[in-house]
Amino acid sequence: MAGANPFSVNNTRVRRLTVNGESLVEKTIHRNAPLAVTSADLKAEMDTYREQLTAAGVPMPRVADSHVTDDTIVYLCEDGGLNLVERYEQPELLTNGRADVLTSAIDIIKRAIDAGLAIDPHIKNFVGEDADLAYVDFSPPLTMAYVEARCAVAKDTERDILRENFAYFTPYFLPYHFAGDFLNVDPTADRLFPALHSLLTDTGLLSGVPLPEFVSQARAIRALEDRRLQERIYLI
Ligand SMILES: Nc1ncnc2c1ncn2[C@@H]1O[C@H](COP(=O)(O)OP(=O)(O)O)[C@@H](O)[C@H]1O
Ligand SMILES: [Mg+2]
């Protein structure tokens, strides 16, 4: 994996390198939005967010080193392996036969929900295999302070869509968002929604939500994110 990353929609560059025999992932985070904060402040917010996730029991690869330049933030992280889209290729595998893997991702999402933290539940943000998964995405930092800083520099035409998109990372929406993002992996993923609905209900993230309501909420969340991407509105 080098250069432009097919799994990044934030213009983050990810490359693998070996340092003293250890495989590491170098993440270079570019600033796209005209935020009124320095790169050092932005990095400090990412570090705070990582600490909050860690305290909530969300497993994340270790950071070996990090630094800022004028317009980028660079993290050198332990390599947690392939993400679930790369490793399992067909999303069916996850709903049909590898429910243990999905249950592990859902367990991580549940930890964020229980701590009141926002995360991006797309399956590409979970790396590892079998039930041994880690969550990798901490840019942008999904804290209230960051959301306010980002929305403060939004154009009038961007603000509502950004606020709605950020809201969808917060605990209430995460079960629907998790399912909706399967449509980003496979446009025909609707067929997986009954299985995802059952799994989310069995694991206690949903309770008493009828399937049609679940499906329409999941679709709406994905549609809004697709609209933001089409309009090239960056989260960071
Ligand atoms: N520590 C890591 N170990 C393994 N893969 C990683 C790691 N960090 C990032 N990646 C890979 O790079 C992709 C993009 O990284 P991410 O931090 O999610 O950036 P973005 O904010 O652009 O989505 C992830 O989907 C994952 O496949
Ligand atoms: Mg990501």
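What percentage of the 236 residues of the chain count as buried? In this predicted model, the share of buried residues is 33%. The tour below proceeds from the whole chain to single residues.

**The whole chain**

Display the full chain as a cartoon. The secondary structure comprises 10 helices and 6 strands. The radius of gyration is 17 Å, close to the 18 Å that the globule rule gives for 236 residues, so the chain is as compact as a globular protein of that length. Aligned with its principal axes, the C-alpha trace spans about 50 × 50 × 30 Å. Among contacts with a separation of 6 or more, 67% link residues that are 24 or more positions apart.

**The four-stranded sheet**

Select β1, β2, β3 and β4. These 4 strands form an open sheet in the order β1-β2-β4-β3, with antiparallel pairing. Strands β1 (12-19) and β3 (63-68) stand at the edges with a single partner strand each, so one side of each has no neighbour in the sheet. On average, neighbouring strands of this sheet are turned by 15° against each other, direction ignored.

Next, restrict the selection to residues 22-30 and 72-78. These are strands β2 and β4, which pair in the antiparallel sense over 7 bridges. To locate one of these pairings, select threonine 28, whose bridge partner in β4 is valine 74.

**The nonpolar cores**

Hide the cartoon and show side chains. The largest nonpolar core holds 49 residues, of which Ala105, Ile109, Ile119 and Phe126 touch the most other members. Helix α4 (residues 99-114) supplies the largest share of this core, namely 8 residues. Another core lies apart from it and has 5 residues, including Val14, Leu24, Val25 and Cys77.

Centre the view on isoleucine 109. Leaving aside neighbours within four places in sequence, isoleucine 109 is in contact with Ile119, Pro121, Leu174 and Phe178.

**The β5-β6 hairpin**

Select residues 126-129 together with β6. Strand β5 is joined to β6 by 4 bridges, and the two run antiparallel. Phenylalanine 126 has tyrosine 135 as its bridge partner in β6. The two strands form a hairpin with 2 residues between them.

Now show the side chains of residues 132-135, which make up β6. In a regular strand the side chains alternate between the two faces of the sheet. Strand β6 follows such an alternation: Leu133 and Tyr135 point to one face and are buried, whereas Asp132 and Ala134 point to the other and are not buried.

Move to the turn and select aspartate 130, in the loop between β5 and β6. Its phi is near 50°, a positive value in a residue other than glycine. Most residues other than glycine have a negative phi, and most peptide bonds are trans. Is aspartate 130 buried or exposed? Aspartate 130 is exposed, with 10 other C-beta atoms within 10 Å.

**From β6 to helix α5**

Continue along the chain to proline 140, in the loop between β6 and α5. The peptide bond leading from serine 139 to proline 140 is cis, with omega near 0°.

Then select residues 144-152, helix α5, in which Tyr146, Val147 and Arg150 are buried. Turn the view to look down the axis of α5: its buried residues fall within an arc of 100°, so they line one face of the helix. Which helices do these buried residues pack against? They pack against α1 (39-55) and α6 (156-167). On the face of α5 turned away from the buried side are the exposed residues Met144, Glu148 and Ala152.

**Helix α10 and the segment after it**

Select valine 215, which belongs to helix α10. Valine 215 counts as partly exposed, with 18 C-beta neighbours inside 10 Å. Add phenylalanine 193 to the selection: the two residues are 22 residues apart in sequence and 6.8 Å apart in space, C-alpha to C-alpha.

Finish at arginine 232, in the segment after α10 (211-230). Arginine 232 has a positive phi of about 50° although it is not a glycine. With 8 C-beta neighbours inside 10 Å, arginine 232 counts as exposed.

Note on methods
Residues are numbered from 1 along each chain as its sequence is written. Chains are lettered from A and ligands numbered from 1 in the order in which they are written. This is a predicted model: local features need pLDDT of at least 70, side-chain atom pairs count only at pLDDT 80 or more; totals for chains, interfaces and linings use all residues. A residue is buried if 20 or more other C-beta atoms lie within 10 Å of its own, exposed if 12 or fewer, and partly exposed in between; C-beta atoms are placed from the backbone. Two strands pair if DSSP finds at least two bridges between them. The arc is that of the directions from the helix axis to the C-beta atoms. Two residues are in contact if their C-beta atoms, placed from the backbone, lie within 7 Å. The radius of gyration is taken over C-alpha atoms; the globule rule is 2.2 Å times the number of residues to the power 0.38. Axes are lines fitted to C-alpha atoms, for helices over the stretch in contact, and angles run from 0 to 180 degrees between N-to-C directions. A nonpolar core is a set of buried Ala, Val, Leu, Ile, Met, Phe, Trp, Tyr and Cys residues joined through C-beta atoms within 7 Å.
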